[in-house]
Amino acid sequence: MDLALSDEQEALRESARGFLGRAWSTSRVRGARTPDGAGHDPGLWREMAALGWLGLAFPGAVGGGGGDLLDLAVVFEEAGRALVPTTLHSTVEAALLIDRAADDDQRAVLLPPVLSGDRIVSVALQEAGMRSSPAAIATTASRDAAGDGVVVDGTKLFVPNAGVADALVVVARGPDGVVLVVVPTDSAGVVRTPLQTFAGDAQHMVAFDRVRLPAHRVLAGGWPAVAHVRRDATALQCVEMAGGARAVLDMTVQFVTDRHQFGRPLGSFQAVQHQVADLSMRIDAAWLAAWQAVWRCAGGADAEGAEREVAIAKTAASDAYVDATLTAHQLHGGIGFAVDHDLHLWSDRARWAAATHGTSDEHLCSLGQLSQPRRVS
């Protein structure tokens, strides 16, 4: 893997970090987390769309920037550092799924308004049982009585940002297997109920009660498209998590440098140095694994290799990010445990991210299965 960014990617990184440093702050993060904010900041959203971030990895023919997954990862790392609302991740994942599963006519209609920021979309996948497999899909997409449309029935759980989404890409069971249906959230029969989560993020239960839609809302791709895009989205999330963990480390190093105890900086004590050094090494390892995963996914030729790298990266990133926040709270002392301290914003995001797109245990199981010797017939 070549870790060096191109000149264009370096410029993109500097631009993203500079923009978020000027335009985004922890006070706005808190504002987006209020019930009215619903985890979304419309002003930031418009600015990110104007910068072309939503369309970075999509072809120019549908309004994208013509880049690839590596370009997108540059932005996601900076978004993780700055705690950009999760609507960025959920909308990009839904757009990648539409791009992968739709035909040319559907892509030409559905993608441009999403990539321009005019429409927010999300993916509705999880159901009771929380297993991510075709067998776990109970929501149905059946043909309507007239035969010229589709009827969606079922309930999805933990749909990210459904409260502000204009449409959902719903993973459902059709007559011939898993299908994807683009459902506008203002359709008759769609009911969105906010869920209270431990991380304070914007998750909803979405019920579909005989939601009738025209047939062109059904995308051609089925479960293979879902699996492919979830793999790519997980790799992007790992980079985002590495960026967040790095921000926590930077914040902690600054604190133990500025804070004095017994007449000397807190960071001059060996016990503190050991903890910071250990944290730095773990975050470096997670960052390397995350970029390796994105690089492998962007290559596209070795699906099994990419799946293995993503499992390694998600395990490393989840553990490193959560542990970074725990260590940071300890090194900040009493002030770090006050809920008004900004550090809690990163702690909540770390726990949300660790539970999203598969936990460490789930990815370790996946890694074990991928490592099993194959029988040669």
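A salt bridge here means a side-chain nitrogen of Lys or Arg within 4 Å of a carboxyl oxygen of Asp or Glu. Keep that in mind for the exercises below, and remember that you're looking at a predicted model.

**Exercise 1. Work out which residue pairs with E304 in a salt bridge, and where the two sit along the chain.**

Step 1: Look for the partner. E304 forms a salt bridge with R308, and their closest N and O atoms are 3.4 Å apart. That distance fits the 4 Å cut-off.

Step 2: Place the two residues. Both belong to helix α9 (residues 303–332), and because they are four residues apart there, about one helical turn separates E304 and R308.

Step 3: Check how open they are. E304 has a relative accessible area of 32%, so it counts as partly exposed. R308 is partly exposed too, with a value of 27%.

**Exercise 2. Find the salt bridge partner of D284 and say which helices are involved.**

Step 1: Start from D284. Its salt bridge goes to R246, with 2.9 Å between the closest N and O atoms.

Step 2: Now the helices. This pair ties together distant parts of the chain, since D284 lies in helix α8 (residues 270–299) and R246 in helix α7 (residues 223–258), 38 residues apart.

Step 3: Add the exposure. D284 has a relative accessible area of 33%, so partly exposed is the right label.

**Exercise 3. Decide whether D99 and R107 are buried, partly exposed or exposed.**

Step 1: See what joins them. The side chains of D99 and R107 meet in a salt bridge, 2.6 Å from N to O.

Step 2: Take D99. Its relative accessibility is 22%, so it counts as partly exposed.

Step 3: Take R107. With a relative accessible area of 16%, R107 is buried, because buried means under 20%.

Step 4: Step back to the whole model. The structure holds 18 salt bridges, and some residues join up further: R13, R17, E77 and E78 are linked in a network of them.

**Exercise 4. Trace how strand β7 pairs with β3 and β6, then see what β3 does with β2.**

Step 1: Go to β7 (residues 203–214). Nine bridges join this strand to β3 (residues 149–160), and the two run antiparallel.

Step 2: Pick out some partners. G149 has P214 of β7 as its bridge partner, while V151 stands opposite R212 in β7.

Step 3: Turn to β6 (residues 190–195). It pairs with β7 in the antiparallel sense, over six bridges. Here L195 stands opposite Q203 in β7.

Step 4: Follow β3 to β2 (residues 140–143). Four bridges join this antiparallel pair, and T140 has D153 in β3 as its bridge partner.

Step 5: Look at the turn. The hairpin of β2 and β3 has five residues between the strands, and G147 takes a positive phi near 80° there.

**Exercise 5. Name the residues of the negative surface patch that includes D7, and describe where D7 sits.**

Step 1: List the members. D7, E8, E10 and E14 form the patch.

Step 2: Locate D7. You'll find it in helix α1 (residues 7–23).

Step 3: Judge its exposure. D7 has a relative accessible area of 66%, so it is exposed.

Conventions:
Residues are numbered from 1 along each chain as its sequence is written. This is a predicted model: local features need pLDDT of at least 70, side-chain atom pairs count only at pLDDT 80 or more; totals for chains, interfaces and linings use all residues. Side-chain values use heavy atoms; hydrogens and water are left out. Patches are made of residues with over 30% relative accessible area and no salt bridge: like charges are joined within 9 Å, nonpolar side chains (Val, Leu, Ile, Met, Phe, Trp, Tyr) within 5 Å. Accessible areas come from the Shrake-Rupley method with a 1.4 Å probe; for residues, only the protein chains shown count as cover. Lys and Arg count as positive and Asp and Glu as negative; His and the chain ends are not counted. The place of a charge is taken as NZ of Lys, CZ of Arg, CG of Asp or CD of Glu. Buried means under 20% relative accessible area, exposed over 50%, partly exposed in between (1.4 Å probe, protein chains only). Two strands pair if DSSP finds at least two bridges between them.
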